[in-house]
Amino acid sequence: MTSKPLKQIHLAAHFPGVNNTTVWSDPKAGSHIEFSSFAHFARTAERAKFDFLFLAEGLRLREQGGKIYDLDVVGRPDTFTVLAALAAVTEHLGLTGTINSTFNEPYEVARQFASLDHLSGGRSAWNVVTSWDAFTGENFRRGGFLPQEERYSRAKEFLATANELFDSWHGDEILADPARGVFLRDAKAGSFVHSGQHFDIHGQFNVPRSPQGRPVVFQAGDSEEGREFAASSADAIFSRYAALKEGQAFYADVKNRLAKYGRRSDQLLILPAASFALADTDAEAEDLAREVRRQQVSGATALKHLEFVWNRDLSSYDPEGPLPDIDPDVSADHISKGRAQVRMYRDPLATAREWRELAAANNWSIRDLVINTGNRQTFVGSPTTIAKTINDYVQADASDGFILVPHITPTGLDDFADKVVPLLQEQGVFRTDYEGSTLRHHLGLEHPDAADDRAAS
């Protein structure tokens, strides 16, 4: 019997931003805005031969009870500015930015990504997202927000329109003949016309064909619409299913959707986000994981998290005491603004009953409950244990790799790079050096021109 060939693992680094993963109170934590933090993080990822660095996006500071939610790290510099600066201090690392399709325009975004691809020598990637709430929309000219079906309709047309702009240059238009004084072979290079439901634009795109042709396209969304969007249009999907069985189910579901769009399984990578607690031994790593979870969930944070469900001001409660005996307020206006987690609790009354039962059965305080029901580290253990687990998950088709989210910025990736990556390299499942110059090459993705030529033949 012929054994299945080993899959090569893809690894990426998520610069921790506005979230509860980051322990900004730790003495080792640094700035989330100063460029030195971004540069250290990116250089570590490149030293470890990672595929790319990933930046999330926050278009508005979250609020709770009408005040800025300052228990998260707040503030996020402009994505394109940071990635362009990182292009100058890295040579191979892919540069992935989350850019919203609800509150931007295709021409502007296409121009920015094409420029980044040129500046970086073919390392740009775009995580296409939609905005789900009117609160975020208040920062923008149009205001409001779109219903879910319209958000994905706009996102699909947004991406298709951007691709038309990228493809308006074929790559052979620049003649630059000084003898004849002719720069462009075709004076109409970059011409485009698009008329659709969401966009009606025409003109000339002013950035020539970039090294990758188009940026690598990521999609982040677990809804039915999101999975279909990824299967039809994305090169990779940013998944939240990092556990083995759930990951295998998601992997199979999304990969099985590709055929109806004329795509092969290897044309869409599935990359869950993953956190980790790494120490010399498994026992020390378990201790570290418990310590980090308590750092991530202070008493104040626990109360704020409970407010996501209760939709009430719970600041008078003791986080080390019992859960509130009053029921959640199920009115439409929510105390928490701009936080996607509130959508996880579709039935607040049922969630409150479940949490009370858990707290009573385990003698948990409010803080204990939040610590034990919140996100845990995906990988906990020694370097050997974590390397084995990652490889096992990838070979078992639970993912094609992982986007790692350390809890310390900017040095939280250092030990992983120094202790886990060499073990994966020894197993022959992760590169020892970069073999190509573009992100498409790192990810094993075809250049869009090659894919188009193959489809046409």
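In helix α13, the residues D414, F416, A417, V420, V421 and L424 are buried. This is a predicted model, and α13 serves here as the way into it. The elements that cover the buried residues of α13 include β1 (10-14), α1 (35-47), β14, α12 (383-395) and β17 (401-404). The helix itself covers residues 414-426, and its 13 residues should span 18 Å at 1.5 Å a residue; the end C-alpha atoms are 19 Å apart, which agrees. The axis of α13 has a kink of about 30° at V420, shortly before the proline P422. V420 is thus named twice, as the site of the kink and as one of the buried residues. After α13 comes G428, which has a positive phi, near 75°.

Strand β17 is among the elements covering α13, and the next step is to look at the strand itself. Both of its faces are covered: G401 and I403 are buried on one side, F402 and L404 on the other. Strand β1 runs parallel to β17, and four bridges join the two. Within β1 and β17, A13 stands opposite L404. Strand β13 (residues 269-274) is also parallel to β17, joined to it by two bridges. Here A274 is the residue opposite L404. L404 therefore has A13 facing it in one pairing and A274 in the other, where pairing rests on at least two bridges between strands.

The segment before β1 holds K7. Is this lysine buried or exposed? K7 has 16% relative accessibility and so counts as buried, the cut-off being under 20%. Its side chain is joined to that of D400 by a polar contact of 3.2 Å. Leaving out residues up to four places away in sequence, K7 touches Y251, V394, Q395, D397, S399, D400 and V429.

A second helix, α8, takes in residues 282-296. Its 15 residues reach 21 Å from the first C-alpha to the last, close to the 21 Å expected at 1.5 Å a residue. The buried residues in α8 are A285, A289, V292, R293 and Q296. They lie on the same side of α8, because they cover an arc of only 100° around the axis. Their cover includes β14 (276-278), α9 (299-310), α11 (366-373) and β16 (379-381). Strand β14 is also one of the elements that cover the buried residues of α13.

Two further residues, each in a strand, complete the tour. S239 lies in β12 (residues 236-239). With a relative accessible area of 4%, S239 is buried. A polar atom of its side chain lies 2.9 Å from the backbone nitrogen of Y241. Not counting residues up to four places away in sequence, S239 touches F250, I270, L271, P272 and A273. From S239 to Y152 there are 87 residues in sequence and 17 Å in space, C-alpha to C-alpha.

H194 is found in strand β9 (residues 191-195). Its relative accessible area is 10%, so H194 is buried. What does the side chain of H194 make a polar contact with? One partner is the side chain of E157, at 2.9 Å. Another is the side chain of T161, with a polar contact of 3.3 Å. Apart from neighbours within four places in sequence, the residues in contact with H194 are E157, T161, E164, F199, D200 and I201.

Notes: Residues numbered from 1 in each chain as written. Predicted model: local features only at pLDDT ≥ 70, side-chain atom pairs only at ≥ 80, totals over all residues. Heavy atoms only, no water. Expected span 1.5 Å × (residues − 1). Buried < 20%, exposed > 50% of the residue type's maximum accessible area, 1.4 Å probe, protein only. Arc of directions from axis to C-beta. Contact = heavy atoms within 4.5 Å. Bend = angle between axes of the 7 residues up to and from the residue. Polar contact = N/O pair within 3.5 Å; in protein donor to acceptor, adjacent residues only side chain to side chain.
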